[in-house]
Amino acid sequence: MAGELAIDVHGLTKRFGSKVAVNGIDIQVPQGQVWGFLGPNGSGKTTTIRMLCGLLRADEGNGTCLGYDFRTESERIKRQVGYMTQKFSFWEDLSIRENLQFVARLYGIRRARKVVDETIEQIGLSKRQSQLAGELSGGWKQRLALAACMLHDPKLLLLDEPTAGVDPKARRDFWDEIHRLSGQGLTVLVSTHYMDEAERCDRIVYINLGDIITSGTVAEVIEQSGLHTFVIEGDGARNMAGKLKGKPGVEFVAFFGAALHVSGRDRNALEAALRPHIDDASLSVHESRPSLEDVFIQLQEKGRGDYA
Amino acid sequence: MTRHFSFRRIWAVLVKEFIQMRRDRLTLGLILGVPLMQLLLFGFAINNDPKHLPAAVTIADPGPFADSIVAALRNSDYFDIVEATNDPQAARRLLAEDKVSFVVEIPVNFSRDLVRGAQPQLLVEADATDPASSSNAVGAIAQIAGEALRDDLTGPLAVRAQSAAPFTTVIHRLYNPEIITQYNIVPGLLGIILTMTMVLMTSMALTRERERGTYENLLAMPVTPVEIMIGKISPNIVVGLIQAAIVLVAARFIFGVPMIGSLGLLFAITGLFIAANLAVGYTFSTIAQNQLQAMQMMVFFLLPAILLSGFAFPFRGMPVWAQWIGEALPVTHFLRVVRGILLKGNGPAEIWVDVWPLFVFLFAVGTVALLRFRRTLD
Ligand SMILES: Nc1ncnc2c1ncn2[C@@H]1O[C@H](COP(=O)(O)OP(=O)(O)OP(=O)(O)O)[C@@H](O)[C@H]1O
Ligand SMILES: [Mg+2]
């Protein structure tokens with residue numbers, strides 16, 4: 001099984017009127033891997049995922065999903081894919097149990113009752129199983145949706161921001177579960193805006209305005225960015241952002257907690273810009289490996305520049 | 001695993017729809033309350049024997065007989081004689097201006113002919129635009145006048161009183177050639193109520209899913225358009241049949257509508273008619289983007305159903321183009337079937353002419369609905 005591609009699409013394109021939402025992207029996800037799908041708001045993540053599971057017709061592109069042609073065999077694909085929508089899309093006037101039962105019946109799950117019972121137990125909603133789904137808090141809705149789209153043991157999970165609004169503990173549990181399942185051969189494509197989640201992916205794909213800007217493992221993406229980052233800490237750090245912004249060599253500055261990250265691709269120019277402040281007693285300056293977020297900020301700033 | 005049709009999946013959708021319907025108390029209340037309310041409103045408005053109807057009398061032959069007829073009409077609580085005149089033009093004008101509902105005319109030589117036994121005519125002109133008021137009162141005129149004259153025809157004339165009818169009543173219904181009676185309207189209401197509620201409920205079927213964002217989820221699961229349609233429509237068929245039962249029970253026991261033909265046959269055709277309406281509603285719901293639009297489409301469909309089906313106006317009185325539109329509506333044929341079965345005791349052979357159009361309609365619109373169903377969010 002290893003080496004087989006769960007998703008293998010080329011030139012995926014979607015236009016809404018004259019607007020190109022997804023612009024000929026290629027994605028190849030090997031079976032059993034967890035891929036992160038990143039990009040700013042409106043970059044085309046949801047649109048791409050919808051095309052993969054047959055909810056939107058691709059204007060161009062070809063390829064397969066789980067070995068089936070994604071344009072013509074979406075009915076087959078749907079049976080083996082679990083898709084979690086970005087916006088909660090279960091039935092708010094059905095109870096938690098009824099929602100899961102509906103899903104179980106539609107997929108023809110064997111021993112549905114037991115599976116539903118276990119799922120409810122697992123997500124920790126046993127006591128509230130008769131409550132209407134609409135009455136759940138946002139985070140609990142996400143957890144219900146997630147459980148529901150995994151109910152039928154899919155081979156491929158397409159998750160659109162599954163952990164938005166979910167508390168840190170539940171997010172951890174979710175990712176532990178994802179890794180456990182991927183160990184058993186489940187393939188996952190998950191869109192997210194969280195860096196810590198991106199770092200837990202085998203590979204990430206970053207898109208902007210419908211184009212893939214960069215992809216690879218976290219280390220590769222950082223490497224490819226060609227970015228150098230200096231970290232400024234200390235009492236005076238807060239005032240430094242304004243002073244450094246726009247200096248030659250400084251492409252962008254960003255706070256991470258109280259620390260200021262100053263980044264640019266030209267290391268010499270960056271050093272030159274920082275030199276006047278190196279001796280400041282209220283600051284401590286040191287070079288650091290750029291974080292994934294540094295890279296994304298750079299990509300997004302660059303994207304904006306290109307677009308303007 | 002069957003590809004496009006699985007009872008298991010239909011069952012899944014069906015159970016879901018029933019649960020959701022049960023939770024939606026307001027809609028459920030409306031669905032069961034509306035037919036009863038409409039029936040009572042319409043039914044009683046019609047059934048109510050109107051009294052004190054304004055009437056005019058034209059007397060072309062004054063005399064004791066005329067006097068006793070007018071007096072008897074005055075005494076009955078059916079009529080209020082607002083005018084007794086000898087000018088037929090004036091009386092006709094009162095009728096046209098809606099000041100009176102009837103004009104009773106005592107023609108020239110009425111007394112002479114009566115005495116001779118030549119059976120003179122008592123002329124009644126009735127404004128039949130409001131058939132509810134005209135039908136009973138028209139019958140009453142003949143009776144009241146007859147009784148009045150019976151008292152006058154004494155002595156040598158007593159022999160006239162004993163003859164079957166000393167005079168004849170000629171009724172001239174104006175403005176409404178085909179007379180609609182309450183028996184006509186209560187069964188007709190069944191068709192209108194079903195059209196309204198069935199189209200409305202189903203037109204919400206997909207629209208609501210789309211509006212709430214659950215459509216995306218439904219589409220992402222392995223369920224086919226036919227399965228969704230059957231699953232969503234079936235609960236409404238049950239509701240429709242319950243409505244039909246409510247209307248028919250009320251028609252029978254509150255309004256005494258005769259039911260001569262087979263009720264089994266009637267229910268079978270009602271099921272067919274419900275399905276035809278559901279197909280319309282389902283087509284609407286594949287088009288409408290939100291529930292408001294669905295509602296507007298329902299009204300768009302309901303108006304011709306009320307106006308051009310023969311429910312509100314006599315079908316034969318409509319212009320030809322309107323009749324053609326009427327013929328294309330399922331409710332037109334359904335009304336004929338219902339009236340035929342209930343009032344005339346028609347069987348399958350007689351109603352077939354109006355049953356096959358229902359099948360054609362169901363098939364055509366059902367196909368459109370399935371073709372319109374989009375499997376994607378585009
Ligand atoms: N149905 C639609 N009609 C028209 N334009 C659309 C439609 N759906 C998406 N778009 C446009 O396509 C682009 C990509 O949208 P998409 O929802 O895929 O972004 P996204 O990456 O998922 O964003 P987010 O992070 O905010 O969820 C956006 O510019 C959006 O406005
Ligand atoms: Mg999105």
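Visitor: Which residues coordinate the magnesium ion, ligand 2?

Guide: Thr46(A), through OG1, and Gln86(A), through OE1, coordinate the magnesium ion at 1.9 to 2.1 Å. Thr46(A) sits in helix H1 of chain A, while Gln86(A) is in the loop between strand E6 (81-84) and helix H3 (96-107), 40 residues apart. This is a predicted model, where local features need pLDDT of at least 70, side-chain atom pairs count only at pLDDT 80 or more, and totals for chains, interfaces and linings use all residues. Residues are numbered from 1 along each chain as its sequence is written, chains are lettered from A and ligands numbered from 1 in the order in which they are written, and side-chain values use heavy atoms, with hydrogens and water left out.

Visitor: What makes these two atoms donors to the metal?

Guide: Donors are N, O and S atoms within 2.8 Å of the metal (3.2 Å for Na, K and Ca). The two atoms lie at 1.9 to 2.1 Å, so they qualify. Water is not among the atoms, so sites may look incomplete.

Visitor: Why is Thr46(A) called buried?

Guide: Buried means under 20% relative accessible area, exposed over 50%, and partly exposed in between (1.4 Å probe, protein chains only). Thr46(A) has 18%, so it is buried.

Visitor: And why is Gln86(A) called partly exposed?

Guide: Its relative accessible area is 38%, so Gln86(A) falls in between those two limits.

Visitor: How do you know that Lys19(A) makes a polar contact with ligand 1?

Guide: A polar contact is a pair of N or O atoms within 3.5 Å; within protein, one must be able to donate a hydrogen and the other to accept it, and residues adjacent in sequence count only if both atoms are side-chain atoms. A polar side-chain atom of Lys19(A) lies 3.2 Å from an oxygen atom of ligand 1, so the pair counts. A polar side-chain atom of Glu161(A) lies 3.4 Å from an oxygen atom of ligand 1, and a backbone N or O atom of Ser43(A) lies 3.3 Å from one.

Visitor: Why does Thr13(A) count as buried?

Guide: Thr13(A) has 5% relative accessibility, so it meets the limit for buried. Thr13(A) belongs to strand E1 (residues 5-16) of chain A.

Visitor: What does the side chain of Thr13(A) reach?

Guide: One partner is the backbone oxygen of Gly11(A), at 3.1 Å. Another is the backbone nitrogen of Gly24(A), at 3.0 Å.

Note on methods: Helices (H or I, at least four residues) and strands (E, at least two) are DSSP runs, numbered from the N terminus.
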